[in-house]
Every structure is written in structure tokens, then in C-alpha cells.
Amino acid sequence: MDSKRRGFLKSAAMAAASSMVLGDAEFSLPVLGAADPPTDGDELTWNKAPCRFCGTGCHVQVGVHDGRVVAVAGDKAAEVNKGLLCVKGYHVGGILYGDDRLTKPLLRKDGRLVEIEWDEALDIVAQRIMAAPEKFAFYGSGQWTIPEGYAAQKFMKGGLSNNHIDPNARLCMASAVTGFLATYGVDEPAGCYDDLDACDVLITWGNNPAEMHPILFSRVTDRRSRGENVRIIDISTRRTRTTDAANDYLEMAPHGDVAISLGIMNQLIASDSYDKDFVAKHCAFRAPESDTPTLQGEAISEDEFRKRIAAYTPERVEELSGVPADQIRMLGKLFGDRDLRITSLWCMGMNQHTMGTAINSLVHGVHLLSGHFGRPGDAPTSLTGQPSACGTVREVGTLAHALPGGRVVANPDHRAQCEGFWNVPAGRISPTPGYHTVKMFDQFTKSADEGGDIDTVFVQVTNPGQTLPNLNKLFNDKEKLKDKFLIVSEVYPTATTQLADLILPAALWVEKNGIFGNSERRTQQWFKMVDPPGEARDDTWMTIAIAHRLLELGHEGMKDKDGEFIFAVKDEQGEEVPIWEFEHYYDVNVDKHLFEEYRQFTTMKHKNLAPYDEYVKARGLRWPVVQQDDGSWRETRFRFAGFDDPFVAEGEEFDFYHSSSGDGRAQVWFHDYQPPPEVPDDDYPMWLCTGRVLEHWHTGTMTRRLPQLNRAMPTGYVEMNLQDALAQNIRQGETVVIESRRGTTQLPVWIDGRGRPPRGTVFVPFFDETKLINNCTLDEHDPFSKQPDYKKCAVRVRKLSEASS
Ligand SMILES: Nc1nc2c(c(=O)[nH]1)N[C@H]1C(S)=C(S)[C@@H](COP(=O)(O)OP(=O)(O)OC[C@H]3O[C@@H](n4cnc5c(=O)[nH]c(N)nc54)[C@H](O)[C@@H]3O)O[C@H]1N2
Ligand SMILES: Nc1nc2c(c(=O)[nH]1)N[C@H]1C(S)=C(S)[C@@H](COP(=O)(O)OP(=O)(O)OC[C@H]3O[C@@H](n4cnc5c(=O)[nH]c(N)nc54)[C@H](O)[C@@H]3O)O[C@H]1N2
Ligand code: SF4
Ligand SMILES: [Mo]
């Protein structure tokens, strides 16, 4: 491996030890550079799996000995990471072995959690649902495997006729989805990671890939270390490790991204340097309707677009964003240069935004208008955070309004198609979208008298008690409402299990079969390698077992048109395998069965997937995957581009074949700048931004149980600017109180630490469950995506000694 690249990873991976030994096993492997494909020895069996953590989707090789995961190595055969891993990846095996894994179902009786048998647990869930199926909601995850999400989706929409299913990805990817739909009429990026190998300029729009997608980011820094010239421009509200690697740092005010993108388009038009040919052939212009704006918007002429964009001069953009006018001109010039290849990356800064749909559309628009689209290295690329936010949520459609294969519940034809695939009676799927996440928990934590019409929530693979915004409004009230019932499938005790009425112990990662879909449309499969501890079981199994219990109780929805169980799996003799009994769950490969059923949906929006067995052989394949004349399966790197996309007709340069204007064109949107929903004032004078750090995964439930990572980043903190700290006489490490209109929390101060916020702003990561920053955050959300804004609200910071009680 290139020694400089290794150096980068080393420094990025503050916590990496020189070898990794899991638990009390005796094996140790080199951590950095562990890239040679391991071979099975007498003692170790190796198998591939995607990393459990981020949407980058690196592959690891997992070494198993005596029924335990004892070693993890980077997978050299994987295109995404070529043998490299970040510090979380190298330690991923250890997440299975925290001391306090949940191993038995637990029921709350008189305030105490007592162990019960699975049989009783399933009965309780089934009885709760039978009593009021329409008051039941399923809260899932972008960390669900594809079969887990598909089973939950079918159970709810195809079984219970209930659309109250939504995932944590609502808090994460929803605005990216609406941005894609508004622009291309179909979700998910056109480009892929290969763009990072080909771009001349990389722009990060308020994301911090050096910490959040470290291996992906190292693809670019690696090119530099080989002497290639890649210019990195970091547009952000605070300095981060990504800024450290950037050539230019443009510091913007919160929401400044909207003004900046408008400013770039203004410059492209004003200097007449936009790509007239590309626009004339492949684009149309669009804006929100003036009365009731919809995601569809209305067509506007190019002249109208020019007129509106004229208002966003560099000087006006400077006022709105804080970025100097000459820097806006610099960006305009850059995009005006067709000889360069420009890739944009973004993530939560643009999605957790009350103008999330708008800013996603605008950045796509910058690329379309300038023609920086569809050549390797020229791409507007929205990154996903979770390992299967794309695969499970966006593709399987586990959202309250969606169905698999890009279908939506509100469309009668789509419902009929899905009912057909599921072989369920016509009319089974309800036409009314269910509650999105914020609404679901609002309804759950309101009493029935106040109209709270959700009384039971089943949570799988997510930790809403720590990650929902405005916890005092959306979660904590559950404690007072005795008739509400919270079921949580988990691997460890969490902030959510603290209020759970029933806890179901879950199998984790390679303790079960799985399939994830990463940020670049890559579908990745793995097999179960070790048994889960105690009575922990697969999430898919839980869903199927609950469905079967309902069938036994006589719920008609659990049968298809022919009277068969909706999850029936037959063996070769045509006998139904009792997969609802855990002893028989692995008699067949349920994942494969569900995947093959789901695969039928994927051709409807040109997101074709290959058969399961193709993924067994590969380190993931990027959809659309189509079969060639010789029978082999071919993946697609660049969508909509004639040279690579199998669905663009021979000889065509581009075709946006799901165009919302129905003419093969992508939409270039105009949106006016709007200010954030809450801004600092005399009472709450500081901006609060929240987010993440390299070492921890979200709520820290897994990474805080890894001593190496926990030692490297042991506590939550608030980043402060030195001048702000001096002005308030706050010292390094001192505990302060952060207060917003919604709640408070206490945190130690880190002045000009790893991230350096400008004056008047603070940043808090949300991994520490003892210091819940979501007591303070805002549940205000984008009107189309319903995704809340965790990136900006107004707070005050006070010394502990001065804070009034
Ligand atoms: N180590 C680690 N990696 C992870 C995760 C993890 O928990 N730990 N989680 C994964 C997941 S699910 C996700 S979603 C990603 C998140 O990945 P990122 O989005 O890269 O990270 P965050 O820390 O959430 O975002 C913080 C940044 O938001 C920016 N921001 C604030 N306000 C604005 C604004 O108005 N506009 C714009 N454009 N930017 C703004 C700030 O510049 C700030 O640095 O990370 C993934 N990767
Ligand atoms: N303040 C603030 N809040 C945020 C964000 C932010 O930027 N700022 N970002 C939002 C975003 S983008 C995201 S993606 C969410 C993430 O929010 P969450 O999904 O709530 O956070 P995680 O810690 O990933 O929760 C996953 C849980 O599943 C458990 N688990 C792991 N594997 C399994 C399994 O196989 N089965 C089961 N049943 N459980 C399992 C883990 O122990 C963990 O508790 O947070 C959101 N909240
Ligand atoms: S970059 Fe993401 S997928 Fe890759 S090893 Fe790190 S956490 Fe895992
Ligand atoms: Mo996320």
C-alpha cells in the first residue's frame, strides 16, 4: 500500500492499535495494511461481509474461529476500499462482544424488566396488534438489511393494510430523495465512486467526509499523494478535518448553501458560460408554484429563470451566506470551465435543512446548467450515511408513502402492481400514506384524548430515544402515558430501551444473513458466520414470527389470495417450511427467498437487480444490473449516460428516462432563498449545529463498547470558538449548560478542538447517551421530505455556576 495513504489513514484513525485481538481470542492480525486476501487456515475461516457502519460500504474479511469472530481484515478484492478500512471498520468485529448484549426477551412489569420466553413475547405483540391494527406503527432503519426492510414493508402494507411504517432514514436521506425526484423523476445518484478517481475539483457542501466517509475521502487524498492535482473546496459552517485537506475553505452562514448555489447559477448566466448545448438538449426549467408549492412544481421558461436568478448577484449572495462575492465569482468561473471535471459531495448539511428539497435540487441544477454531469468525474453526488439507507429504505421503499420499486401508495396503479406481485387481494394496500417519523412519534407521545392515535410502536435497528429531534416533545412523554406500548428490538440497552415495555434481543451483523445497498447503488450480500448470543434472533425472523402469530389468531391479512401465509416458503417437495419457528429459520435461506421476490419490483424503475447468487460471488454490484447475451450480469456505473447506461438508447448521449416532464429532460430548479426557521436572538444568541465524530457510530451503542474507540473519544463535548469562550470566561474542559427553547443538556467544552466553529456558533456530536443534545434540537422540517433540521437552532451557553435552576 502507498505509504502516504497509510499515513493519512493512520492519522485519521487516531485510535487504531497496531494489532487487533477480539475478546480473549489469541489471534492477532496487523490492522493497518491488512489487505492480502486471507486464506482459510487450520484455525480460521474467512468470509466476506460489508462493514456494519457507514454508507461508504467497504468490504471486510471476517475471520471466525470456534464460533467466534476473532479477526477482521480489509478486503483487497473489494473495489470500494481495496483492502483499506477506517478505524471503525478495523474494530467492527468487536461490536458483537460487549458485556451487556441482550440475550432474552424482557417485559416491563410494575416498572421492572423481567425475562420472559419468546413465545410469550410474540403473543404480547400479536395481541397488541390484533386489538387495534390501525394504531400500530413500525419504526425501522437504514441499517435494516434489505430482507429485513422488505419483510417489514410487506407485513405492514401487504398484510396489515397499514402504512404507518417509516425509518430513521427520514432523519437522514429524505431530502436527498425528494431532491432526486424533483430533478430526475427518480431517486439515487447517477454517478458513483469512480467519479472521485477522475475529478479535478471536489466540492464538499457542508459535509465532513474525512470523518464520516473516511475511506471514500482517502480515494481523493490518495490521488494527491501520488502527485495528481485535485483541488478540494470545502464549503462549510465550521472547520473540520475535511477543511484540513482542502485547498479552499469557504465559510458560510447556516443556510448559506442556498444562496451560494443560486449565486453560481447567476454567474453562469451572467457570463454566458453555461452549457447551452446540454441545457437545450437535456434540461427544462422549473420553480415552485406560487400558491401551494408541490414537489412537481411548475414549468418556467429559460427567460423566466434568467430573470429570477438575476437577483442573486455575488454581492447579494455575500450578504445572505457570508461568503465573499469574489469567492462566488470564483465558483461561477470554475463551473463555467468545461475542461475541468467537478464532483460535488454532500450529506446531512444539505438534507437536515428546512429547505432540504430545494438545496438538493439547486446543487443538481448547478451541475446540469454548467454541463458538469455524466462524464466520469463530473457529478452531483449525494452521499448516504447508513449502510443500507439506499438499499433498504429508498429501493425497498420502507417509507410511509412508498412501496417497493419506486411505487407510491397514493397511486392506484402502483398499488395494483404491488398487490399482484404479493398475490394479495385487490384493495389490500391502503391508499393513504402513513405517518412520517416526526408525526409518528408526535402521535405516539400524545394521549388518546389529545388525538394521539398511535398506541404501539415496534422499533427495529434504531435508537429514537436518543436520535429523534426535540426529545422532550417527541419521545420523553411516553413515560407518562400508561396505555402506550413500546416494543424495541435491540442488541444492547439504550436510551430507547429505557422506556420500552418489551425488549426483543436481536442478532447483529454476521450473526445473521444480510444484504445492504450502499451510496453508489451497490448491493452487497453476506452469510451468517456465527450464532447470536443467548436467545438473540434475526429481525426478519421476528417480523415473520409475529405475522404467523397473527395468522394463528385469525388475522385475514396474513393470508394471500390463495389462503397461503404471506411469508410462506416451500421446500423442494412443496411442503411449507415452518420458518416462524426459529429452530427452522435457517433450514432455508429466507434472505434469498425474500430477495428473489423483491427483485421483481426492481425492474419497474430501471433499478434492476441480479439474482441473489450473483451477489454471493461479487463484492457488490451497482444497479441497474442487466443480463448480457452471454448470460453474464453487467453492473452500471454512470446512469443516464449513453456510454454506460443500458437503458439509454444506442447513439443517444443522455436520456433522463424518468423525467418528470415526460420528455427525457432533467429539471433545473429555481428556489428563492428563505432564512432558517429559528435564528439566534438576544435570549438564545448562539447557533447550535449537531453531528458526528470519526470514532463513534451515531448513538455510540456499538462503538462505545469497543475499548479502543471509547478510549479515543470517551465523552460528548461542545466545540466552542476561543473568542466566545474568552468572552464568557469559559475554560477548556469546563462543563457548561446548553439551553434552547426546548430543553437543556450539560457538556464539557472543547475550545478550537478537532472541529473549529466560527464565533457565535457551537457544535455538539450526538453519540453520548449521558448528554442528550436532542433535548435542544428542533423538529421543524422540510415541507416535502419531512426531514428535520438538526444542523441549526438557537441556544445559549452558560457556565454551570451561573445557570439558573
Ligand atoms: N464516524 C461516523 N461516520 C458516519 C456516521 C457516524 O455516526 N459516525 N454516520 C453516518 C450517517 S447515518 C450520516 S447521515 C453521515 C453524516 O455525514 P456528514 O453530513 O458529513 O456529517 P455531520 O457531522 O452530520 O454534519 C455536520 C456538518 O453539517 C454542516 N452544516 C451545518 N449547517 C449547514 C447548512 O446550513 N448547510 C450545509 N450545507 N451544511 C451545514 C456543518 O458544516 C457540519 O460540519 O455520516 C455517516 N458516517
Ligand atoms: N442531533 C442529531 N440527531 C440526529 C442526527 C444529527 O445529525 N444530529 N442525524 C440523524 C441521522 S442522519 C441518523 S441516520 C440517525 C441515526 O439514528 P439511530 O438509528 O437511532 O442511531 P443508531 O445508533 O445507529 O441506532 C441503531 C441501533 O440499532 C442497534 N442495532 C445494531 N444492529 C442491530 C440489529 O441488527 N438489530 C437490531 N434490532 N438492532 C441493532 C444499535 O445498538 C443501535 O442502538 O440519527 C439522526 N439524529
Ligand atoms: S469508511 Fe465506513 S464502511 Fe468503510 S470501514 Fe469505515 S465505517 Fe466501515
Ligand atoms: Mo444518517
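Q: Helices (H or I, at least four residues) and strands (E, at least two) are DSSP runs, numbered from the N terminus. With that settled, which helix gives the most to the shell around ligand 1?

A: Helix 15 does, with 3 residues. Helix 7 (209-212), helix 15 (348-351) and strand 28 (686-691) each contribute at least two residues to that shell. Before we go on: this is a predicted model, in which local features need pLDDT of at least 70 and side-chain atom pairs count only at pLDDT 80 or more, while totals for chains, interfaces and linings use all residues. Residues are numbered from 1 along each chain as its sequence is written, chains are lettered from A and ligands numbered from 1 in the order in which they are written, and side-chain values use heavy atoms, with hydrogens and water left out.

Q: Thanks! Which residues come nearest to ligand 1?

A: A residue is near a molecule if one of its heavy atoms lies within 4 Å of it. Here 33 residues are around ligand 1, and Ser236, Asp257, Arg692, His696 and His698 come nearest. Sorted by class, the shell has 13 nonpolar, 13 polar and 7 charged residues. In that scheme Ala, Val, Leu, Ile, Met, Phe, Trp, Tyr, Cys and Pro are nonpolar, Asp, Glu, Lys and Arg are charged, and the others, Gly among them, are polar.

Q: Which residues offer a polar backbone atom to a nitrogen atom of ligand 1?

A: A polar contact is a pair of N or O atoms within 3.5 Å; within protein, one must be able to donate a hydrogen and the other to accept it, and residues adjacent in sequence count only if both atoms are side-chain atoms. For ligand 1, a nitrogen atom is 2.6 Å from a polar backbone atom of His696, and a nitrogen atom is 3.3 Å from one of Gly349. Gly206 also takes part through its backbone, with a polar atom 3.2 Å from an oxygen atom of the ligand. On its own, ligand 1 has 930 Å² of accessible area, and the protein covers 100% of it. Such areas come from the Shrake-Rupley method with a 1.4 Å probe; for residues, only the protein chains shown count as cover.

Q: What domains is the protein chain divided into?

A: Domain bounds come from an automatic or database domain assignment. The chain splits into domain 1 (3-97), domain 2 (106-169 + 391-585), domain 3 (174-383) and domain 4 (686-804). The shell around ligand 1 takes at least three residues from each of domain 3 and domain 4. The centres of these two domains, taken over C-alpha atoms, are 28 Å apart. Contact means heavy atoms within 4.5 Å, and 28 residues of domain 3 are in contact with 23 residues of domain 4.

Q: From which domains does the shell around ligand 2 draw at least three residues each?

A: Domain 2 and domain 4. The shell holds 32 residues, the closest being Asn168, Asn463, Thr467, Glu490 and Thr699. By class there are 12 nonpolar, 14 polar and 6 charged residues. Side chains make polar contacts here: an N or O atom of Thr467 is 2.7 Å from an oxygen atom of the ligand, a polar atom of Thr462 lies 2.9 Å from an oxygen atom, and an N or O atom of Ser489 is 2.8 Å from a nitrogen atom. Alone, ligand 2 exposes 910 Å², of which the protein buries 100%.

Q: And what residues are around ligand 3?

A: Among them are Cys51, Cys54, Cys58 and Cys86, along with Lys88 and Pro214. Helix 2 (87-90) and helix 8 (214-225) each give two or more residues to this shell. It divides into 8 nonpolar, 3 polar and 1 charged.

Q: Why is helix 19 described as largely enclosed?

A: Buried means under 20% relative accessible area, exposed over 50%, and partly exposed in between (1.4 Å probe, protein chains only). In helix 19 (residues 437-444), 7 of the 8 residues are buried, so the rest of the structure largely encloses it. Those buried residues include Val438, Met440 and Phe441. Their cover includes strand 8 (136-140), strand 19 (456-460) and helix 20 (464-467).

Q: One last residue: is Ser430 buried or exposed?

A: Ser430 counts as buried, because its relative accessibility is 18%. Ser430 sits in the loop between helix 18 (412-422) and helix 19. A polar atom of its side chain lies 3.3 Å from the backbone nitrogen of Thr432. Leaving aside neighbours within four places in sequence, Ser430 is in contact with Ser161, Asn163, Val409 and Arg415.
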